[in-house]
Amino acid sequence: MSVPPHKKAFPLRLDPALYAAIERSAATDLRSVNAQVECLLREALARRGVKLADPVRPKRGRPPKQVEGDEE
């Protein structure tokens with residue numbers, strides 16, 4: 001199994017109305033609230049001209065089949 005990229009975890013306190021708005025927006029975009037917050041932060045930073053590397057996305061799908069005698 002591959003190891004997902006390390007992400008920094010921290011507590012975040014939000015006004016309940018703000019959280020509800022983010023939750024509705026996340027549902028519309030088919031994202032988790034956490035992913036939506038990250039997306040909104042990236043968009044806000046981009047508007048301010050802050051350049052970030054593209055996020056590292058985990059590989060999806062089945063891992064390739066191993067050929068007999070091929071050990072990784």
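**Helix 2 and the pocket beside its residues**

Author: Welcome! Sorted by class, the residues lining the largest pocket are 16 nonpolar, 2 polar and 6 charged. Please keep in mind that this is a predicted model.

Reader: Thanks! What volume does the largest pocket have, and which residues lie closest to its centre?

Author: The space in the largest pocket comes to about 920 Å³. Its lining holds 24 residues, and those closest to the centre are Lys7, Asn34, Ala35, Glu38 and Arg42.

Reader: Which element gives the most to that lining?

Author: That is helix 2, residues 33–47, with 9 residues in the lining.

Reader: What makes the span of helix 2 close to the expected one?

Author: We set the span against the rise of the helix. Helix 2 has 15 residues, and at 1.5 Å a residue the expected reach is 21 Å. From the first C-alpha to the last, helix 2 reaches 21 Å, so the model fits the expectation, which counts one less than the number of residues.

Reader: Why is Gln36 called buried?

Author: The cut-off for buried is under 20% relative accessible area. Gln36 has 2%, so Gln36 is buried. This residue sits in helix 2, and beyond its neighbours up to four places away in sequence, Gln36 touches Ile22, Ser25, Ala26, Asp29 and Arg31.

Reader: How do you know that the buried residues of helix 2 line one face?

Author: Those residues are Val33, Gln36, Val37 and Cys39. Looking down the axis of helix 2, they fall within an arc of 165°, so they line one face of the helix. A general point helps here: an α-helix has 3.6 residues a turn, so residues three or four places apart point the same way.

Reader: What do the buried residues of helix 2 pack against, and which residues are exposed on the other side?

Author: They pack against helix 1, residues 16–28. On the other side of helix 2, Asn34 and Leu41 are exposed.

Reader: Why is Leu30 called exposed, and where does it sit?

Author: Exposed means over 50% relative accessible area. Leu30 has 80%, so Leu30 is exposed. Its place is in the loop between helix 1 and helix 2.

Reader: What makes the phi of Leu30 worth a look?

Author: Most residues other than glycine have a negative phi. Leu30 is not a glycine, yet its phi is positive, near 55°.

Reader: And which residue with a positive phi follows helix 2?

Author: That is Gly49, with a phi near 90°.

Methods:
Residues numbered from 1 in each chain as written. Predicted model: local features only at pLDDT ≥ 70, side-chain atom pairs only at ≥ 80, totals over all residues. Heavy atoms only, no water. 1 Å grid on protein atoms, 1.4 Å probe; cavity = no way out; pocket = protein on both sides within 12 Å on 5 of 7 lines; lining within 4 Å. Points joined across faces, edges and corners; volume = space filled by probe spheres on them. Helix = DSSP H or I, 4+ residues; strand = E, 2+ residues; numbered from the N terminus. Nonpolar A, V, L, I, M, F, W, Y, C, P; charged D, E, K, R; others polar. Buried < 20%, exposed > 50% of the residue type's maximum accessible area, 1.4 Å probe, protein only. Arc of directions from axis to C-beta. Contact = heavy atoms within 4.5 Å.
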